[in-house]
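Please open the model in your viewer and keep the selection panel at hand. The tour below goes from one selection to the next and says what can be found at each.

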Amino acid sequence: IFALAKKRFVATEAKVKMADIPAIFEKLRAVGKNGSFAVFIFMPPGKASPDEAINVQFSMERGQIGFDWVLLGPANIRDKEKFVQLAGRLGYKVVDREMNNVKYLRVDEGDLPSLCEASIRDLYSIPSDAEMGMIPEGFKWP
């Protein structure tokens with residue numbers, strides 16, 4: 001969450017697909033330390049402005065992996081309630097958090113790879129074979 005704002009324009013993005021999400025989650029959970037993360041970056045269909053890019057992530061916090069909806073970018077802020085409603089419908093508990101002056105929504109229980117996939121697929125109609133950017137921090141991918 002927190003290094004993303006600083007690294008957003010200098011980090012090297014890997015290209016991944018939805019099918020990679022479970023393996024990325026497992027690798028981060030296995031080797032990640034507090035502060036490690038995997039940020040997924042994608043552009044909804046029909047959008048071109050950088051302000052429309054969506055960022056979601058898995059991150060390690062207090063020794064536990066979680067799924068975060070970071071409230072930094074305009075599109076993530078705008079679509080906050082859509083995410084909360086989707087997560088609620090799917091049975092996830094969303095918690096408001098703030099760290100380093102960054103507000104975010106966190107889910108740390110349940111099938112987090114499925115929640116990540118549902119957020120990308122159901123909220124933005126991103127096809128499962130579409131490429132998206134992924135920034136790993138604290139672990140190597142692939």
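Select S119 to begin: is S119 buried or exposed? S119 is buried, with a relative accessible area of 1%, where buried means under 20% relative accessible area, exposed over 50% and partly exposed in between, computed with a 1.4 Å probe on protein chains only.

Before going further, please note that this is a predicted model, in which local features need pLDDT of at least 70 and side-chain atom pairs count only at pLDDT 80 or more, while totals for chains, interfaces and linings use all residues. Residues are numbered from 1 along each chain as its sequence is written, and side-chain values use heavy atoms, with hydrogens and water left out.

**Helix α5, from the inside**

S119 lies in helix α5, and the name follows a convention in which helices (H or I, at least four residues) and strands (E, at least two) are DSSP runs, numbered from the N terminus. If residues up to four places away in sequence are not counted, S119 touches F67, F83, L86 and Y124, a contact being heavy atoms within 4.5 Å.

Next, select L115, which is also found in helix α5, the run of residues 112–124. L115 counts as buried because its relative accessible area is 0%. Leaving aside neighbours within four places in sequence, L115 is in contact with F67, F83, A87, L90, Y92 and V107. To see one of these pairings on the backbone, display the C-alpha atoms of L115 and A87, which are 7.2 Å apart in space although the two residues are 28 residues apart in sequence.

**Helix α4 against α5**

Now show helix α4 (residues 80–89) together with α5: the axes of α4 and α5 come within 11 Å and cross at roughly 125°. Axes here are lines fitted to C-alpha atoms, for helices over the stretch in contact, and the angles run from 0 to 180 degrees between N-to-C directions. At that angle α4 and α5 are therefore oblique to each other, given that angles under 35 degrees count as roughly parallel, over 145 as roughly antiparallel, 65 to 115 as roughly perpendicular and the rest as oblique. The crossing of α4 with α5 is right-handed, meaning that the near helix is turned clockwise from the far one by less than a right angle, whereas an anticlockwise turn would be left-handed.

For the side chains at this contact, select K82, F83, L86 and A87 of α4 with L115, A118, S119, D122 and L123 of α5. The residues of the contact of α4 with α5 divide into six nonpolar, one polar and two charged; Ala, Val, Leu, Ile, Met, Phe, Trp, Tyr, Cys and Pro count as nonpolar, Asp, Glu, Lys and Arg as charged, and the others, Gly among them, as polar.

**Helix α2 against α5**

Replace α4 with helix α2 (residues 21–31), and the axes of α2 and α5 come within 9 Å, crossing at roughly 135°. That makes α2 oblique to α5, and the crossing of α2 and α5 is right-handed. I21, P22 and F25 in α2 meet L112, P113, C116, E117 and I120 in α5, and the residues of this contact of α2 with α5 comprise seven nonpolar, no polar and one charged.

**Strands β3 and β4**

Move to S59, which is found in strand β3 (residues 54–61) and counts as buried because its relative accessibility is 3%. Add R106 to the view, since the side chain of S59 makes a polar contact with the side chain of R106 at 2.8 Å. A polar contact is a pair of N or O atoms within 3.5 Å; within protein, one must be able to donate a hydrogen and the other to accept it, and residues adjacent in sequence count only if both atoms are side-chain atoms.

Then select Q64 in strand β4 (residues 64–70), which at 35% relative accessibility counts as partly exposed. Not counting residues up to four places away in sequence, Q64 touches S59, R106 and D108.

**Backbone stops**

Most residues other than glycine have a negative phi, and most peptide bonds are trans. Select N100 in the loop between β5 (95–99) and β6 (102–107), where N100 has a positive phi of about 50° although it is not a glycine, and where N100 counts as exposed at 57% relative accessibility. N101, placed in the loop between β5 and β6, has a positive phi of about 65° and is exposed, with a relative accessible area of 73%.

Finish at W141 and P142, which are joined by a cis peptide bond with omega of about 5°; P142 is in the segment after β7 (132–137).
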